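Please look through the sequence and the model below before reading on. The report that follows takes up a few sites and then the parts around them.

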Amino acid sequence: MAFRFHIAAAILALVFTIVHASDPSPLQDFCVAVPDANAVFVNGKICKDPKLVEAEDFFFPGLNEPGSTSNPLGSNVTTVNVNQIPGLNTLGVSLARIDFAPYGLNPPHTHPRATEILVVLEGTLLVGFVTSNPGMNMKNKLFTKVLNPGDVFLFPEGLIHFQFNKGHSNAVAFAGLSSQNPGVITIANAVFGSKPPISRDVLTKAFQVDKNVVKYLQSQFWRDNHYYP
């Protein structure tokens, strides 16, 4: 009986830890990040001495300026996270501006550490996300919507999502993310553009296509449409 109690307690403790996993909560007014290229930290960054903190540590200029969309995707994501504003460290929030040329695409991707909420300022965007793998004999469900200026859409944490400018003019959107450093995994880049490449035998079986198709996709020059000021 005691053994079962300890097992149940261990499981509950594990579940509690997973459910409450998130960016670290601040234990003081702020923890302005100090860049350190020689160290890797489990979560967050070293704090600057509060006596040395300046207004510039909480400031980022120029997000009113459009990013360059002169790339094959026709889109540009300007990120504003803890690497751009050190004062975001431990605060669990960040921002991005997304610019689209006509028919520009922010391709299917995920943010492994953040939920995203998107608001459209200009243009018409087709957006959507796909659920995680469901039960037996069920398919991943797509939720999609056409957004116009002033419309807001939510992408749950970790799920694959995209935004596509279906209009004839430029489009602009802003996104808020629930992490100081949300991360991004662009699906096509990760699967077909990794170094070293994933085995073609693996990808041929996974995608159920001819090996020459995989070879062609791996030979493409995969691009990152993210701009990190």
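## A buried asparagine

In this predicted model, Asn106 is buried, because its relative accessible area is 2%, which is under the 20% that sets the limit for being called buried. The residue belongs to strand S3, which covers residues 105–110. Setting aside neighbours within four places in sequence, Asn106 is in contact with Ser75, Val77, Ile98, Phe100, Phe162, Gln163 and Asn225. With one of these, Gln163, there is also a polar contact of 2.7 Å between the two side chains.

Asn106 also appears in the UniProt record, an unreviewed entry, which lists Asn106, His111 and Glu116 under "binding site".

## The histidine and glutamate of the record

His111, another residue named in that UniProt entry, lies in the loop between S3 and strand S4, the latter made up of residues 116–122. Is His111 buried or exposed? With a relative accessible area of 8%, His111 is buried. Its side chain makes a polar contact of 3.0 Å with the side chain of Glu116, so that two of the residues listed by UniProt for "binding site" are joined in the model by this contact.

Beyond neighbours within four places in sequence, the contacts of His111 take in Glu116, Glu157, Gly158, His161, Leu177, Pro182, Gly183 and Val184.

## The sheet that holds S3

Strand S3 takes part in an open sheet of 5 strands, whose order is S6-S5-S8-S3-S10 and whose pairing is antiparallel. Which strands stand at the edges of this sheet? They are S6 (142–147) and S10 (185–186), and because each has a single partner strand, one side of each is left without a neighbour in the sheet.

S3 and S10 run antiparallel and are joined by 2 bridges. In this pairing, Thr110 is placed opposite Ile185 of S10.

## Strand S9 and its partners

The protein chain has 4 helices and 11 strands in the model, and strand S9 deserves a separate look. S9 is mostly covered, since 6 of its 7 residues are buried. It pairs with S2 in the antiparallel sense over 7 bridges, while 6 bridges join it to S4, again with the two strands running antiparallel.

One residue of S9 shows both pairings. Phe174 is the bridge partner of Arg97, and Phe174 is also the bridge partner of Val119.

## Nonpolar cores

In soluble globular proteins, nonpolar side chains tend to be buried together. The largest nonpolar core of this model has 18 residues, and those with the most contacts inside it are Ile98, Leu118, Leu125, Val127, Leu147, Phe153 and Phe155. At least two residues of this core come from each of strand S2 (94–100), S4, strand S5 (125–130), strand S7 (152–155) and strand S9 (171–177). Of the strands, S9 gives the most to this core, with 4 residues.

Val127 may serve as an example from this core: leaving aside neighbours within four places in sequence, it is in contact with Leu118, Phe143, Thr144, Lys145, Leu147, Phe153, Phe155, Phe162 and Gln163. Apart from the largest core lies another, of 8 residues, among them Ala33, Leu63, Val80 and Phe174.

## A buried glutamine in a loop

Gln180 is found in the loop between S9 and S10, and with a relative accessible area of 5% it is buried. A polar atom of the Gln180 side chain lies 2.4 Å from the backbone nitrogen of Thr90. Leaving aside neighbours within four places in sequence, Gln180 has contacts that include Asp23, Gly44, Asn81, Val82, Leu88, Asn89, Thr90 and Leu91.

## The whole chain and the confidence in it

Of the 229 residues of the protein chain, 32% count as buried. Among the contacts between residues at least 6 apart in sequence, 73% join residues that are at least 24 apart.

The average pLDDT of the protein chain is 88, and 86% of the residues score at least 70. Residues 7–21, however, have a pLDDT below 50, and this stretch has 0 contacts in the model beyond near neighbours in sequence.

How values were computed
Residues are numbered from 1 along each chain as its sequence is written. This is a predicted model: local features need pLDDT of at least 70, side-chain atom pairs count only at pLDDT 80 or more; totals for chains, interfaces and linings use all residues. Side-chain values use heavy atoms; hydrogens and water are left out. UniProt positions are given in the numbering used here, feature names are shortened, and annotations may be inferred rather than shown by experiment. Buried means under 20% relative accessible area, exposed over 50%, partly exposed in between (1.4 Å probe, protein chains only). Contact means heavy atoms within 4.5 Å. A polar contact is a pair of N or O atoms within 3.5 Å; within protein, one must be able to donate a hydrogen and the other to accept it, and residues adjacent in sequence count only if both atoms are side-chain atoms. Two strands pair if DSSP finds at least two bridges between them. A nonpolar core is a set of buried Ala, Val, Leu, Ile, Met, Phe, Trp, Tyr and Cys residues joined through side-chain atoms within 4.5 Å. pLDDT is the predictor's confidence in each residue, from 0 to 100.
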